[in-house]
Amino acid sequence: MKTFRKFLRNGLGLIGALIILTLIVVAIFAPQIAPFDPNEQDYSKILLPPGDEHWFGTDDLGRDIFSRVVYGARISIQAALISVGIAMLIGVPIGLLSGYYRGFWDEWIVMRSVDAMQAFPFLILALAISAVLGSGFGNAMLAIGIGFSPAFVRITRGQVLSLRNMEYIQAARSVGVKDARIIFRHILPNAMNPIMIQATLAMASGIIAEASLSYLGLGVQPPTPSWGSMLNHAQSLMSIAPYATFYPGIAIFLVVLGFNLLGDGLQQVLDPRSRK
Amino acid sequence: MMFILRRLLLTIPILLLVSILTFSLIHMIPGDPARVILGQEATPEAYQALRTELGLDKPIVEQYFSWLGKVVTGDLGMSITDRVPVIDLIIQRLPATVELTIGTFLVAILIAFPAGILAAVRRGTWVDYTSTFAALGGMSIPSFWLAMMMIIFFAVENQWLPSSGYVPFSENPAQNLMAMILPCVATGLRESAVLMRMLRSSLLDVVNMDFIRTAKAKGLNEARTILGHALRNAMVPVITTSGLMIAGLLGGLVITESIFSIPGFGRLIVESVFKRDYVTVQGAILVSAILVVLVNLVVDILYAVIDPRIKSGKGAGE
């Protein structure tokens, strides 16, 4: 409760949380908010500039850009949650076990593999994995999740290393509490703050990564509206309909800003050492 | 010297793991890689020839060592679609990417250093808040969208700069520089935001230290204190960020090069992905990872030059 009150006093973090909340509401109520079907083509209304009927204008197939941006929120929120969820599912258990048991596996297999994975430029790795597995939203999420996982291994392991020698852990060990219980009941809850901060900031990167892959044509496939694929489509319209490029980009910017502000706010509240 | 040697030795297992991960790429293809690359209509002869060329008819361990043996001699295989050595394709494409990386890095430094120093020195004032908020905003802008907005404003609406294309510097320096302004600024703005935040935070750690107080007490003015003493001590985390940035840039340039039609290394990867030229994709991602490992090695050696405590194993914070 005290932490929550501290967070409420953090102005920028609160703005971030409000932006994310708006995104979630828009994603859930997209059918009620969007005035048109996002995939409905109307050839009598192609390339209309923003106006009373079509607030953000229409694209070259006569589709309402506002409705597509609203539905795009669904893809973005899914991209943030699924990619980071996959990264956490891979990274957190490995980091926990590696940091707790240490030794050869930790030092030479896990950490060196993390070093090796982090040697691949993230987007190139995601691009290569998507290329191999095939384009599409699911594979893009898998590619981004795998790309993010080394960061979660590193941060979780770092936390475990600082917690494993604490008195309360040694006490638990001395009274015969099993390793699995120590790891998941005593270490993990105390290691969660930095993991949650990392998760929030990774969600911002996840949205940009999904948009980037969709922009390149390897993520969400047409006609499903995603902000990245909308930008891909709008690129050929830059000289005749610049507004088609403007709105999906602003949407990505606002949501990523929201996650960055929220992550920063959480960091200031949950990890006071970082406060400057 | 011992420090550099130790650091070089640590690089070997990482490079070996990088090679294993890269090698595994073709084997991650669901089904038979040769069938996926050639499609269902391929003749049995073509299918068998590709299997032999890729070494898929041998046991996997033998395949790896045979591939690794070729890689260490610079043979990354033959492009499936272009029928030229992959290494030649990469060498052909690297100059544009190197130029773009240097330009982007320069833009990032030119913005981040003055803004970061000002924000740290004027901590808690409107200068600090404005630059910190601008940095957060900058970090949130997708660089490919910013690139498109800049093309609309500077190339489509006003025709001040070219919207795309690349002319090698050796052919026409003026045209080359004109063509590189938009891509470098579009990518560099975001990077400057990351660098600025790190510089501000690192400087704030240093300006409260005793030696800075002593320098001020001895009458040194603020500019000399910051530029002559604090900045050097704040550089270690900034150099780390710069090293990571170059790794991130190699990835980010994939998109920048696609938007501005720059025939660079990133665009080679995208083109190869769409042509299902997995041998080129494999070679290119291996080269990108090796470049990142080498940049990290240089960064670590630079640490030791800037902060001799690292060389003696005591660490910067001790």
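A helix here is a DSSP run of H or I with at least four residues, numbered from the N terminus. The expected span of such a helix is 1.5 Å times one less than its number of residues. With that in hand, let us walk through this predicted model, beginning with one helix of chain B.

**Helix H7 of chain B and its surroundings**

Helix H7 of chain B runs over residues 143-157. Its 15 residues reach 20 Å from the first C-alpha to the last, close to the expected 21 Å. Even so, H7(B) has a kink of about 30°, and the centre of that kink is B:Ile151. B:Ile151 also belongs to the buried residues of this helix, together with B:Ser143, B:Phe144, B:Trp145, B:Leu146, B:Ala147, B:Met148 and B:Met150.

What do the buried residues of H7(B) pack against? Their partners come from both chains. On the chain A side they are helix H9 (179-216), helix H10 (227-235) and helix H11 (243-270). Within chain B they are helix H8 (173-207) and helix H11 (235-259). After the helix comes B:Gln159, with a positive phi near 50°.

**Where the two chains meet**

The contact between the chains involves 36 residues of chain A and 40 residues of chain B. On the chain A side, the elements that give two or more residues are helix H5 (103-119), helix H6 (122-133), H9, H10 and H11. H11(A) supplies the largest share, nine residues. Sorted by class, this side of chain A has 25 nonpolar, seven polar and four charged residues. H9, H10 and H11 of chain A are thus familiar from the H7(B) packing above.

**Chain A as a whole**

Chain A has eleven helices and zero strands, so its elements read α-α-α-α-α-α-α-α-α-α-α from the N terminus on. Its C-alpha trace spans about 75 × 45 × 30 Å along the principal axes. Of the 276 residues in chain A, 48% are buried. Among its contacts with a separation of 6 or more, 71% are between residues 24 or more positions apart.

One of these helices, H4(A), covers residues 65-101 and has 37 residues. From first C-alpha to last it reaches 53 Å, close to the 54 Å expected. H4(A) has a kink as well, of about 25° and centred on A:Met88.

**Annotated spans**

An unreviewed UniProt entry lists residues 12-34, 75-97 and 240-263 of chain A as "transmembrane region". For chain B, an unreviewed entry in UniProt gives residues 94-303 the annotation "domain: ABC transmembrane type-1". The table sets out three of the annotated spans.

| Span | Helix | Strand | Distance between end C-alpha atoms |
|---|---|---|---|
| Chain A, residues 12-34 | 91% | 0% | 29 Å |
| Chain A, residues 240-263 | 88% | 0% | 38 Å |
| Chain B, residues 94-303 | 83% | 0% | 27 Å |

Chain B is also divided into domain 1 (1-73) and domain 2 (93-276). The C-alpha centres of these two domains of chain B are 35 Å apart.

**Backbone points worth a look**

Most residues other than glycine have a negative phi, and most peptide bonds are trans. Several places in this model depart from that pattern.

Just after H4(A), A:Arg102 has a positive phi of about 50°. In chain B, B:Arg83 is not a glycine, yet its phi is positive at about 50°. B:Arg83 sits in the loop between helix H4 (60-72) and helix H5 (86-121) of chain B.

Is B:Arg83 buried or exposed? B:Arg83 is exposed, because 7 other C-beta atoms lie within 10 Å, and a residue with 12 or fewer counts as exposed.

B:Arg276, again not a glycine, has a positive phi of about 55°. The loop that holds B:Arg276 joins helix H12 (265-274) and helix H13 (278-306) of chain B. With 18 C-beta neighbours inside 10 Å, B:Arg276 is partly exposed, because being buried takes 20 or more.

Which peptide bond is cis? The bond joining A:Pro222 and A:Pro223 is cis, with omega about 10°. A:Pro223 is found in the loop between H9 and H10 of chain A, two helices that also give residues to the side of chain A touching chain B.

Definitions and conventions: Residues numbered from 1 in each chain as written. Chains lettered and ligands numbered in written order. Predicted model: local features only at pLDDT ≥ 70, side-chain atom pairs only at ≥ 80, totals over all residues. Bend = angle between axes of the 7 residues up to and from the residue. Contact = placed C-beta atoms within 7 Å. Nonpolar A, V, L, I, M, F, W, Y, C, P; charged D, E, K, R; others polar. UniProt positions renumbered as here; feature names shortened; annotations may be inferred. Domains from an automatic or database assignment.
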